[in-house]
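Q: I have not worked with this structure before. Could we go through it together, one topic at a time?
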Amino acid sequence: MPPQFEGSESLDARSMWSALTADLESGGLSVDRDVARKLVSACRQLRDELVAMKDGLDDLAAVKGMGTLQSGIDLAKKFSEKAVGGGDSLEKTLDSHIAVVKEMRAYFQACIDRYESVDGDNANRLARHEVSGS
């Protein structure tokens with residue numbers, strides 16, 4: 001039975017992709033093998049781009065030029081924490097997106113693996129039967 005996603009507002013994206021992968025392993029929904037291969041590649045590329053963005057956060061983490069008044073210092077700190085270290089920082093958002101893309105890639109790879117497993121099983125089953133010539 002496929003996972004239920006009604007009211008999925010409370011279900012985070014990683015949980016959704018994990019549930020889809022688990023459902024696939026029990027014979028549920030899958031994606032065409034050729035499409036899944038393209039999606040695995042796209043997930044890898046997106047993950048690499050997100051990691052590159054995260055690697056560039058050091059430049060954003062050191063906000064300067066807000067002056068010497070305490071309000072300027074506080075503002076610079078606040079902007080720095082929006083990049084790295086704060087509760088809702090860009091760093092944490094990128095980490096979350098990277099984790100979701102990894103789950104997506106795992107799902108699409110599981111689709112490919114399932115096709116290859118089924119193809120192998122079918123080939124072995126057919127190899128055990130002799131086909132008589134006409």
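Q: How much area does the chain expose, and what share of it do carbon and sulfur atoms supply?
A: This is a predicted model. Its chain exposes about 9400 Å², and 54% of that area is supplied by carbon and sulfur atoms.

Q: And what percentage of the residues is buried?
A: Of the 134 residues in the chain, 21% are buried.

Q: Changing topic: how many helices and strands are there?
A: The chain has five helices and zero strands. Read from the N terminus, the order of elements is α-α-α-α-α.

Q: What is the average pLDDT of the chain?
A: The average is 83, and 87% of the residues score at least 70.

Q: Where is the pLDDT below 50, then?
A: That applies over residues 1-10, a stretch with nine contacts in the model beyond near neighbours in sequence.

Q: Which elements have the lowest and the highest mean pLDDT?
A: The lowest mean, 78, belongs to helix α1 (residues 13-25), and the highest, 95, to helix α2 (residues 33-55).

Q: Let us pick one residue. Where is Leu-39 placed?
A: Leu-39 lies in helix α2.

Q: Why does Leu-39 count as partly exposed?
A: Its relative accessible area is 30%, and partly exposed covers values between under 20%, which is buried, and over 50%, which is exposed.

Q: Which residues is Leu-39 in contact with, leaving aside neighbours within four places in sequence?
A: Leu-39 is in contact with Val-31 and Phe-108.

Q: How far apart are Leu-39 and Met-104?
A: Leu-39 and Met-104 are separated by 65 residues in sequence, and their C-alpha atoms are 8.7 Å apart in space.

Definitions and conventions. Residues numbered from 1 in each chain as written. Predicted model: local features only at pLDDT ≥ 70, side-chain atom pairs only at ≥ 80, totals over all residues. Heavy atoms only, no water. Helix = DSSP H or I, 4+ residues; strand = E, 2+ residues; numbered from the N terminus. Buried < 20%, exposed > 50% of the residue type's maximum accessible area, 1.4 Å probe, protein only. Areas by Shrake-Rupley, 256 points an atom, 1.4 Å probe, with all protein chains shown as cover. pLDDT = per-residue confidence, 0-100. Contact = heavy atoms within 4.5 Å.
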